[in-house]
Amino acid sequence: MSTITVEAAQGSALESEMEEAPPGSFVVTLIIRRFIPELDEEPRWQDFDVRVLPTDRILDALHKIKWEQDGSLTFRRSCAHGICGSDAMRINGRNRLACKTLIKDLDPSQPIYVEAIKGLPLEKDLIVDMEPFFESYRQIQPFLQASGSPVRERTQTVAARERFDDTTKCILCAACTSSCPVFWTDGQYFGPAAIVNAHRFIFDDRDEAAQVRLDILNDKEGVWRCRTTFNCSEACPRGIEVTKAIAEVKQAVLRGRP
Ligand code: SF4
Ligand code: FES
């Protein structure tokens with residue numbers, strides 16, 4: 001192909017993009033921290049320009065990059081609606097769900113930085129190994145433990161259900177745990193999400209294993225590692241009062257479940 005033909009082709013591609021550009025759309029730059037273990041010794045930053053609408057989410061921009069520019073870009077997502085918890089990532093230095101972060105709520109005149117959550121082993125691009133996170137979750141026994149065989153369901157008053165309502169909302173996205181400076185420096189710490197999920201059962205009056213969980217969390221890697229920095233509460237996409245839940249578990253360790 002001659003130079004003139006290439007230039008003509010580029011010109012017509014640009015014109016065609018201008019024609020197809022949805023009204024109100026604009027180009028934003030995403031700077032993504034890439035790591036492909038087969039190619040990279042260290043993570044590296046890569047820029048992508050992508051046309052978006054203000055109401056697009058970061059997940060939409062990542063999809064456009066993957067589908068139209070670089071199919072090797074790797075990230076987790078499933079529901080795309082803030083329910084499955086699989087797309088927590090650091091966006092402009094703050095843990096958020098990509099599917100709940102609108103471009104217009106950032107400053108699209110500036111590049112948007114996207115990287116994997118911290119404190120867990122980096123596997124590829126925006127994906128970390130979640131196994132240490134889920135191991136802590138499993139250790140606090142996140143299931144109802146109750147004896148007897150009720151004829152019908154185990155009933156509970158509205159007030160008793162309300163006691164742990166906040167912590168039932170957790171979607172296990174790890175945004176809290178991976179924003180915690182104690183977890184960054186000591187991966188053995190149970191972390192906020194495990195304590196939130198322990199809280200959900202410790203304060204359930206149908207459950208009979210509260211003391212077991214309190215003993216587990218009264219460990220040197222348990223609730224006492226929390227330094228009340230509130231990063232976890234700020235990071236939680238479900239608005240759970242994570243630091244408050246940890247404080248209530250500390251109280252229960254000292255005084256027993258009220
Ligand atoms: S408490 Fe919030 S931030 Fe932490 S794992 Fe659950 S939903 Fe995610
Ligand atoms: S993709 Fe499921 S929470 Fe974002």
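The following dialogue discusses how to read several features of this predicted model.

Reader: How many helices and strands does the protein chain have?

Author: The chain contains nine helices and seven strands.

Reader: What do the radius of gyration and the box of the C-alpha atoms show for this chain?

Author: One sets the radius of gyration beside the value expected for a compact globule with as many residues. For 258 residues that expected value is near 18 Å, but the protein chain has 23 Å. Along the principal axes, the C-alpha atoms fill a box of roughly 80 × 40 × 30 Å.

Reader: What share of the residues is buried, and what share of the contacts joins residues 24 or more positions apart?

Author: Of the 258 residues, 36% count as buried. Among contacts with a separation of 6 or more, 66% are between residues 24 or more positions apart.

Reader: How should the pairing of strand S1 be read, and which strands are its partners?

Author: One reads the sense of each pairing and the number of bridges. Strand S1 (residues 26-34) runs antiparallel to strand S2 (residues 44-52), and nine bridges join them. Within this pairing, Arg33 has Trp45 in S2 as its bridge partner. With strand S5 (residues 112-115), S1 pairs in the parallel sense over three bridges. Here Leu30 stands opposite Ile112 in S5.

Reader: Which residues surround ligand 1, and of what class are they?

Author: A shell is described by its members, their origin and their chemical class. Ligand 1 is surrounded by 15 residues, and the closest are Cys170, Cys173, Cys176, Ala193 and Cys236. Helix H6 (residues 192-202) contributes three residues, the largest share of the shell. By class, 14 residues of the shell are nonpolar, one is charged and none is polar.

Reader: Where does the backbone have a positive phi in a residue other than glycine?

Author: Two cases may be taken in turn. Ala80 has a phi near 65° and lies in the loop between helix H2 (58-68) and strand S3 (88-91). Ala174 has a phi near 75°, and its place is in the loop between helix H4 (158-162) and helix H5 (181-185).

Reader: Is Ala174 buried or exposed, and why does Ala80 count as partly exposed?

Author: The reasoning rests on a count of neighbours: a residue is buried if 20 or more other C-beta atoms lie within 10 Å of its own, and exposed if 12 or fewer do. Ala174 counts as buried because it has 26 C-beta neighbours inside 10 Å. Ala80 has 17 other C-beta atoms within 10 Å and is therefore partly exposed.

Key
Residues numbered from 1 in each chain as written. Chains lettered and ligands numbered in written order. Predicted model: local features only at pLDDT ≥ 70, side-chain atom pairs only at ≥ 80, totals over all residues. Helix = DSSP H or I, 4+ residues; strand = E, 2+ residues; numbered from the N terminus. Rg over C-alpha atoms; globule rule 2.2 N^0.38 Å. Contact = placed C-beta atoms within 7 Å. Near = placed C-beta within 6 Å. Nonpolar A, V, L, I, M, F, W, Y, C, P; charged D, E, K, R; others polar. Pairing = 2+ DSSP bridges.
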